[in-house]
Amino acid sequence: MTHAETAPFQFFRLQVDRTRRLGPSLVRITFTGDDLRRFAAGGRDQSLSLFLPHPGQEEPVLPPLEGQDMYAILGAWRAMPADVRAVMRSYTVREQRTAPVDEVDIDFALHEDGGPACRWAGRAAPGDRVVVLGPAVAENTAVRFQPPGDADSVLIWADETALPAASAVLEWLPAGTRAQVFLEVPYSGDRAELSTRADASVTWLVREEGAPSAVDAVRGVELPGEAPYVWIAGESGAVKALRRYFVRERELDRRRVTFVGYWRKGLSEDALREVPDETREDALAEE
């Protein structure tokens, strides 16, 4: 298969190499595997689908991955019993490295009442096997942070689930880019040193310290320049409220506001997939 014919998303068999606790709410898991030679993350908020085993399984249970296209494999996976088939969750590529060895980092947000992926990440150990449906070409539709060419400043809001994506975006921003960044986390220990060449002002919103609501945190903040771009990601309710604020109250062109609901209070990711995406519905209603 030539590069031009490479499917943008493919399945990759990986295993845990090491884990590192980043703070009370985040653990970084580094994955390796020969399949990573075909992996090509596009940076920024590159997302992927992670397939995990149920407790007691040595590896995630999936249909055969060879000889079928992605959609056929996913269809066969969905037809399997829910308590047998691999658990699937969406995550962001925190970093990909190709030297001295091929590695991918994924940061997991941990919660006491977290679901199966959270519990898996909390006990992950070297050698644990997973499967990823991820990018085989860097230019792919799973990168949502796409500033218009004329954007002269950026505003970022992210909670702890979107902190890995926001951190990767900050590393990607060109030198001198003006950026207002708001990062909401549960605990003071979740603050982290962030690397960026951008001219970034970072505000940490710590819930245990009485952080304001998402909208109150950004209300009235100056958007420098004439053509700002806004990227919002995290809990769907907060994302929806922020998007409405910027589009309706601040009158930003909705095409300059990217918004991604990573999770919703009270719902698992499985349940969330069964209900309408309200943020997307709002966008369509205003077309």
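A salt bridge here is a side-chain nitrogen of Lys or Arg within 4 Å of a carboxyl oxygen of Asp or Glu. Keep that cut-off in mind. Asp17, Arg18, Glu95, Arg97, Glu103 and Asp105 are linked in a network of such bridges. One caution before I go on: this is a predicted model.

Let me stay with the charges. By that rule, the count comes to 18 salt bridges. Two of the pairs I'll show belong to residues of the network.

Take Arg18 and Glu103. Their side chains meet in a salt bridge, 2.9 Å from N to O. Arg18 lies in strand 1 and Glu103 in strand 6, residues 103–109, so the pair ties together parts that are 85 residues apart in sequence. How accessible is Arg18? Arg18 has 36% relative accessibility and counts as partly exposed. Glu103 has 10% and counts as buried.

Next, Asp105 and Arg97. Here the N to O distance is 2.8 Å, again a salt bridge between side chains. Buried or exposed, for Asp105? Buried, at 3% relative accessibility. The cut-off for buried is under 20% relative accessible area.

One more pair: Glu209 and Arg191. Their side chains form a salt bridge at 2.9 Å, N to O. Glu209 sits in the loop between strand 10 (199–206) and helix 4 (214–218), and Arg191 in the loop between strand 9 and strand 10, so this bridge ties together parts that are 18 residues apart in sequence. Glu209 is partly exposed, with a relative accessible area of 48%. Arg191 is partly exposed as well, at 37%.

As background, side chains of opposite charge can pair when their charged atoms come close.

Now helix 1, residues 70–79. Which of its residues are buried? Met70, Ile73, Leu74 and Trp77. Look down the axis of helix 1: the buried residues fall within an arc of 95°, so they line one face of the helix. Tyr71 and Ala79, on the other side of helix 1, are exposed.

What does the buried face pack against? The buried residues of helix 1 pack against four strands: strand 1 (9–23), strand 3 (47–52), strand 4 (87–92) and strand 7 (129–135). Strand 1 also carries Arg18, from the pair with Glu103.

Look at the start of helix 1 too. There, a side-chain oxygen of Asp69 reaches to within 3.2 Å of the backbone nitrogen of Tyr71.

On to a sheet. It is open, it has five strands, and the order is 10-9-8-11-12. The pairing is parallel. Which strands are at the edges? Strand 10 and strand 12 (257–263), and each of these pairs on one side only. Neighbouring strands of this sheet are turned by 10° against each other on average, direction ignored.

Strand 8 deserves a closer look. Strand 8 covers residues 153–158, and six bridges join it to strand 11, residues 228–235. The two run parallel. Two of the partners: Ile156 has Trp231 in strand 11, and Ala158 has Ala233 in strand 11. Strand 8 also pairs with strand 9, in the parallel sense, over five bridges. There, Val154 stands opposite Ala179 in strand 9.

Why call strand 8 enclosed? Six of its six residues are buried, so strand 8 is largely enclosed by the rest of the structure. Now the directions. Ser153, Leu155 and Trp157 point one way from strand 8. Val154, Ile156 and Ala158 point the other way. All are buried.

Two helices lie across strands of this sheet. Helix 3, residues 163–172, lies across strand 8, strand 9, strand 10, strand 11 and strand 12. Helix 3 runs at about 160° to strand 8. Helix 5, residues 236–249, lies across strand 8, strand 11 and strand 12. Helix 5 runs at about 160° to strand 11.

Last residue: Gln180. Where is Gln180 found? In strand 9, residues 178–185. Gln180 has a relative accessible area of 19% and is buried. The cut-off is under 20%, so Gln180 meets that test with its 19%. Leaving out residues up to four places away in sequence, Gln180 touches Val154, Leu155, Ile156, Ser201, Val221, Glu222 and Pro224. Among these, Val154, Leu155 and Ile156 are the strand 8 residues we just saw pointing from that strand.

That's the tour. Questions, please.

Key. Residues are numbered from 1 along each chain as its sequence is written. This is a predicted model: local features need pLDDT of at least 70, side-chain atom pairs count only at pLDDT 80 or more; totals for chains, interfaces and linings use all residues. Side-chain values use heavy atoms; hydrogens and water are left out. Buried means under 20% relative accessible area, exposed over 50%, partly exposed in between (1.4 Å probe, protein chains only). The arc is that of the directions from the helix axis to the C-beta atoms. Contact means heavy atoms within 4.5 Å. A polar contact is a pair of N or O atoms within 3.5 Å; within protein, one must be able to donate a hydrogen and the other to accept it, and residues adjacent in sequence count only if both atoms are side-chain atoms. Two strands pair if DSSP finds at least two bridges between them. Axes are lines fitted to C-alpha atoms, for helices over the stretch in contact, and angles run from 0 to 180 degrees between N-to-C directions.
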